[in-house]
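Colleague: I am new to this model and would like a close look at one part of it, the second largest pocket. Please describe how that pocket is built, and then place it in the context of the rest of the chain.

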Amino acid sequence: MSGCYIHIPFCAQKCSYCDFHFSTNHAYQDEMVDALCAELAIRSTTWTNENFQTIYFGGGTPSILTSVQLQKLIDCVKSNYQVSDSVEITLECNPDDCSPAHLIAWKELGVNRLSIGIQSFHDHQLEWMNRSHKAADGLNAVLHAKEVGFDELSLDIMYGLPGMTLEEWKEQLFGIIALAPEHISAYCLTVEQKTALSKWVKEGKLTVSSNEQQSEQFEALVTTLKSAGYEQYEISNFAREGKYSRHNTSYWKGAKYLGIGPSAHGFDQTKRYWNQANNKVYLNEIKQGRLPETVEILSPFDRFNEAIMIGLRTKWGVSTTQLFKLVSPDPEWFQIVKDYEDKHLLIQTEENIVLTEAGRLLADAIASDLFILEN
Ligand code: SF4
């Protein structure tokens, strides 16, 4: 099982909290699509025997591409690699790009899953975020997508926003539940360095939520979505009736994935690579037939720690059978596991280690306690 991630490094405007890689200069979109196709062709010489189960357009804002550009990219994947007949093709999109005409075109291209960046149903929040859409666009995007026949919708929403009360957050949750998406991703606002948000926070112009407020909102998220029939299958991801993101699930389970585009990461179980997060450098290198990548060979310890870090965030936990093939922990490690088990923060079976609901609140701290450092 493997997947293909394609990073589209363009956005309509810069959201105030975002540190992802993108440009607001769209003059060279065609050139970028050609370069992405060229990278797909270059990597196909070493990524042989793939049978992609998933293709994921992330960004940036993939919905900014024209249908012709998206078609070209899908064709390039299919002409260079084997692609499963039942491939999941996800397109991340901004609500203001989701016109009925665009939605129909995406469906015709074979896109069968949309991840819509709603973020908030309140215009006052969307304004300071500098999102390119209004609250009404979010609602219309979902309604139009359903009318066009998309039956795999994932909605992104954020909590921990400045001034957000628990009541406001619950209202947001009820609003999203009323739209009945198959999947919801909910992220806590983080203040990233070198963003407008970080400047405003330093200058005292905006105050972000306290840790207590964030925890309270996270707990409301879990309990509200659970009672509405959503399963929390990863700390930030919720699905109805097993409608998990196949792409992200295979990533969390440690499957291979090809990463294409500026700033994209790829992983083939023994090594990881990441492309330069610079559009100009990326274009120039690809034109010369070179991959603008940094490669890291992963030691068994790296792979052990990574499996713990990612696996503990999911309902499947981490497979101890797989872990112990990489590194044999000492008795002290088993004692740490037992201590957490005694505190009802994790459950250990013969096959795996899974966090309890209470443990998920402390997932990062528990994972780092279970890391094993190479001597
Ligand atoms: S649309 Fe997404 S990637 Fe683009 S600036 Fe906003 S948050 Fe960042």
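Modeller: The account below begins with the overall fold, turns to the pocket, and then follows the chain outwards from it.

The structure is a predicted model. The protein contains 15 helices and 15 strands. Its radius of gyration is 21 Å, close to the 21 Å given by the globule rule for 375 residues, so the protein is as compact as a globular protein of that length. The C-alpha trace spans about 55 × 50 × 45 Å along the principal axes. Of the 375 residues, 52% are buried. Among contacts between residues at least 6 apart in sequence, 70% join residues at least 24 apart.

The second largest pocket has a volume of about 580 Å³. It is lined by 24 residues, of which Trp252, Lys253, Gly254, Ala307 and Gln322 are the closest to its centre. Two or more lining residues come from each of the elements α9 (246-252), α11 (300-311), β13 (318-319) and α12 (320-326). Helix α11 provides the largest share, with five residues. Several of the central residues can be placed on these elements by their numbers: Trp252 falls within α9, Ala307 within α11, and Gln322 within α12. In chemical class, the lining consists of eleven nonpolar, eight polar and five charged residues. The five central residues also cover these three classes: Trp252 and Ala307 count as nonpolar, Gly254 and Gln322 as polar, and Lys253 as charged.

Helix α11 leads to a further part of the chain. Ala367, which belongs to helix α15 (residues 363-370), touches Ile308, Met309 and Leu312 when residues up to four places away in sequence are set aside. Two of these partners, Ile308 and Met309, carry numbers that place them in α11. Ala367 has a relative accessible area of 3%, which is under the 20% limit, and is therefore buried. Across the model, the C-alpha atoms of Ala367 and Leu109 are separated by 41 Å, with their positions 258 residues apart along the chain.

Beyond helix α12, Asp330 lies in the loop that runs to α13 (331-342). Its relative accessible area of 43% is between 20% and 50%, so Asp330 counts as partly exposed. Asp330 and His7 are 323 residues apart in sequence, and their C-alpha atoms are 41 Å apart in space.

Helix α9 offers a link towards the N-terminal part of the chain. Its range starts at residue 246, and Arg246 is one of the contacts of Gln53, beyond the neighbours of Gln53 within four places in sequence. The other contacts of Gln53 are Met1, Ser2, Ser84, Ser86, Val87 and Glu88. Gln53 itself sits in strand β2 and is buried, with a relative accessible area of 18%.

Strand β2 (51-59) is followed by a loop that runs to α2 (67-80) and contains Gly60. The peptide bond from Gly59 to Gly60 is cis, with omega near 25 degrees. Most peptide bonds, by contrast, are trans. Gly60 is also among the residues around the ligand, together with Cys11, Gln13, Cys15, Tyr17, Cys18, Phe20, Phe22, Thr61, Asn94 and Arg131. This shell has six nonpolar, four polar and one charged residues; the charged one is Arg131.

Two glutamines deserve notice for their backbone angles. Most residues other than glycine have a negative phi. Gln119, however, has a positive phi near 65 degrees, and Gln269 has a positive phi near 80 degrees. Their settings can be described in turn. Gln119 is in strand β4 (residues 113-119) and is buried, at a relative accessible area of 8%. Gln269 is in the loop between β10 (265-267) and β11 (271-275) and is partly exposed, at 33%.

One further glutamine completes the description. Gln213 is part of helix α8 (residues 211-227) and is partly exposed, with a relative accessibility of 32%. Its C-alpha atom is 11 Å from that of Cys188, a residue 25 places away along the chain.

Technical notes:
Residues numbered from 1 in each chain as written. Predicted model: local features only at pLDDT ≥ 70, side-chain atom pairs only at ≥ 80, totals over all residues. Heavy atoms only, no water. Near = heavy atom within 4 Å. 1 Å grid on protein atoms, 1.4 Å probe; cavity = no way out; pocket = protein on both sides within 12 Å on 5 of 7 lines; lining within 4 Å. Points joined across faces, edges and corners; volume = space filled by probe spheres on them. Helix = DSSP H or I, 4+ residues; strand = E, 2+ residues; numbered from the N terminus. Rg over C-alpha atoms; globule rule 2.2 N^0.38 Å. Buried < 20%, exposed > 50% of the residue type's maximum accessible area, 1.4 Å probe, protein only. Contact = heavy atoms within 4.5 Å.
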